[in-house]
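I open this notebook to record what I looked up in one structure. The entries follow the order in which I worked.

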Amino acid sequence: MAMLQFPKVGQVYPDKRSAEERARDFGEISRVYELAGAEEQSSRCSQCGVPYCSTHCPLHNHIPDWLRLTSEGRLREAYELSNATSTMPEICGRICPQDRLCEGNCVIEFSGHGSVTIGSVEKYITDTAWENGWVEPLVPGPARGQSIGIIGAGPAGLTVADLMRSRGYEVHVYDRHDRAGGLLTYGIPGFKLEKPIVMRRVDRLAAGGVVFHQSFEVGRDATLEDLRRKHDAVVIATGVYKARAIRAPGVGAEGVVEALDYLTASNRKGFGDDVPAFDGGALNAAGKNVVVVGGGDTAMDCVRTAIRQGASSVRCLYRRDRANMPGSQREVKNAEEEGVEFVWLAAPEAFHDEGGKVAGVKVSRMRLGQPDASGRRAPEVDPGSEYRVDADLVIKALGFDPEELPRLFGAQELAVTRWGTIRIDHKTMMTSLDGVFAAGDIVRGASLVVWAVRDGRDLADRMHVWLKAKAAATQPALVSA
């Protein structure tokens, strides 16, 4: 099809299943495009000279080019171009906040025609590639005689594993969970990212010779120094898992739980695992009045999970207004459609503890005051505005901070920033320890999956240069380009 069709062809996203239907299961909520729909939506691209969609994508994907190829029905070429810059395009197509990145910066969005549906097309072309066998197996390059150890099997770690194995390195991935994928597997619900989509990426790596050491905790099963002795280089890509705390009376009552514990339990049930905390009701919202505290994407995952578990009511408390909410506005809309009540400008003051169990939340109304250091208007308590919200389950979803890795890893010499993230040389991505690199959220703080993929890609390039230099110093005749 010809391009620049946006004046004639309107913006159409894949149909969503009805809120009533999708709230009964954990399947993805959107249906996929048929070929004609994908071609037509791709043809809306203006092929602008300065593609803001690409420049605002952390991976700088060649978006206008693969949109053009899709519009012409050349899906295999479109996939190959998409895959050239991303190790997991079908995952980013599902969970990236495109409204804040590529689509939010689409030129025709600025003109009032509605952006090209970039994420949905990206998802479509890569799913089509998997269905047709176009996704090539991971074929290792010639063996280099060097090995790397990667701590963390999330998107940053998996990206490094993919790119370094393809260059011929021996790759070992160490992860605390019994399945690889990190938050892709256990932190994001199936209605946003069905788990077979993650597992087929992991299986591809394993089939290509990446060795996964699961249920392996650095600090318990080996120290960081042990891994340094075993491998030529080590990558720390653990992500950030320490939940931010709420300091309020009653926070220790039974029924006040962490978001990640709650989401992990739900995802484990989806795999068919035995989850006593879920089966016993502690991490199950069925029949309960649920309150989720927070306004990010994790909070959205929690409220929508609670709906699917059969909660009696689900409320989300957020201390700012809707316009200042950090989570995706699309997710807010999906949650509202499914029956979630959002209580804006509201924050918990205390939790009502009755007999050791939470029974309600004391809520204060907030107002927005002067801008804080980030430029956002700081929330302030509106005096005398307190009221009670009944709750049998309260889920704290205020975000995540780094764990104390120097202590956990038995490596006090590992330098961290004042925020607890790992300090790196940004030119080499190496930590304070020679041969130990770091990437993803453990360096930049809690962020997006697409940034973790970008960091993993950058780290692989820089570590490859370092390992070649290391090999040249010891075995110059064996080093290849």
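**Entry 1: M300**

I began with the surroundings of M300; setting aside neighbours within four places in sequence, I find M300 in contact (heavy atoms within 4.5 Å) with C316, M325, E331, V332 and F342. The model is a predicted one, in which local features need pLDDT of at least 70 and side-chain atom pairs count only at pLDDT 80 or more, while totals for chains, interfaces and linings use all residues. Residues are numbered from 1 along each chain as its sequence is written, and side-chain values use heavy atoms, with hydrogens and water left out.

M300 belongs to helix α15, residues 297-308. Helices here are DSSP runs of H or I with at least four residues, strands are runs of E with at least two, and both are numbered from the N terminus. I then asked whether M300 is buried or exposed. M300 has a relative accessible area of 0%, so I enter this residue as buried. The scale is as follows: buried is under 20% relative accessible area, exposed is over 50%, and partly exposed is in between, with a 1.4 Å probe and protein chains only. I also looked up the separation of M300 from E331, one of its contacts. The two are 31 residues apart along the chain, and their C-alpha atoms are separated by 6.5 Å.

**Entry 2: the protein as a whole**

I next turned to the overall figures. The secondary structure comes to 19 helices and 16 strands. Along the principal axes, the C-alpha trace spans about 75 × 60 × 45 Å. For the radius of gyration, taken over C-alpha atoms, I used the globule rule of 2.2 Å times the number of residues to the power 0.38. A compact globule of 481 residues would have a value near 23 Å, and the protein agrees because its own value is 23 Å.

Of the 481 residues, 55% count as buried. Where residues in contact are at least 6 apart in sequence, 70% of those contacts join residues at least 24 apart. The accessible surface, from the Shrake-Rupley method with a 1.4 Å probe, comes to about 20300 Å², and carbon and sulfur atoms account for 50% of that area.

I noted the charges as well: there are 59 positive and 64 negative side chains, and the centres of the two sets lie 3 Å apart. Lys and Arg count as positive and Asp and Glu as negative, without His or the chain ends; each charge is placed at NZ of Lys, CZ of Arg, CG of Asp or CD of Glu.

**Entry 3: cysteines**

How many disulfides does the rule give? Taking a disulfide as a pair of cysteine sulfur atoms within 2.5 Å, I record a count of 0. I checked C57 in particular: the closest cysteine sulfur, in C102, is 6.4 Å from that of C57, so the pair is too far apart for a bond. C57 is buried at a relative accessible area of 7%, and C102 is buried at 8%.

**Entry 4: E103**

Where does E103 lie? I located E103 in the loop between α6 (89-95) and α7 (107-110). Its relative accessibility is 2%, so E103 counts as buried. Beyond the neighbours within four places in sequence, the contacts of E103 include Y13, E109, T117 and R330.

**Entry 5: D321 and A473**

D321 sits in the loop between β8 (313-318) and α16 (329-338). I enter D321 as partly exposed, because its relative accessibility is 24%. Outside its neighbours within four places in sequence, D321 is in contact with W344, L345 and L368. From D321 to C102 I find 24 Å, C-alpha to C-alpha, across 219 residues of sequence.

A473 is part of helix α19, residues 449-474, and is exposed at 66% relative accessibility. A473 and S46 are 51 Å apart, C-alpha to C-alpha, and 427 residues apart in sequence.

**Entry 6: positive phi**

Most residues other than glycine have a negative phi. I therefore noted L4, where phi is positive and near 60° in a residue other than glycine. L4 lies in the segment before α1 (19-22) and is partly exposed at 46%. S215, also not a glycine, has a positive phi of about 55°. I place S215 in the loop between β3 (211-213) and α12 (224-230), partly exposed at 39% relative accessibility.
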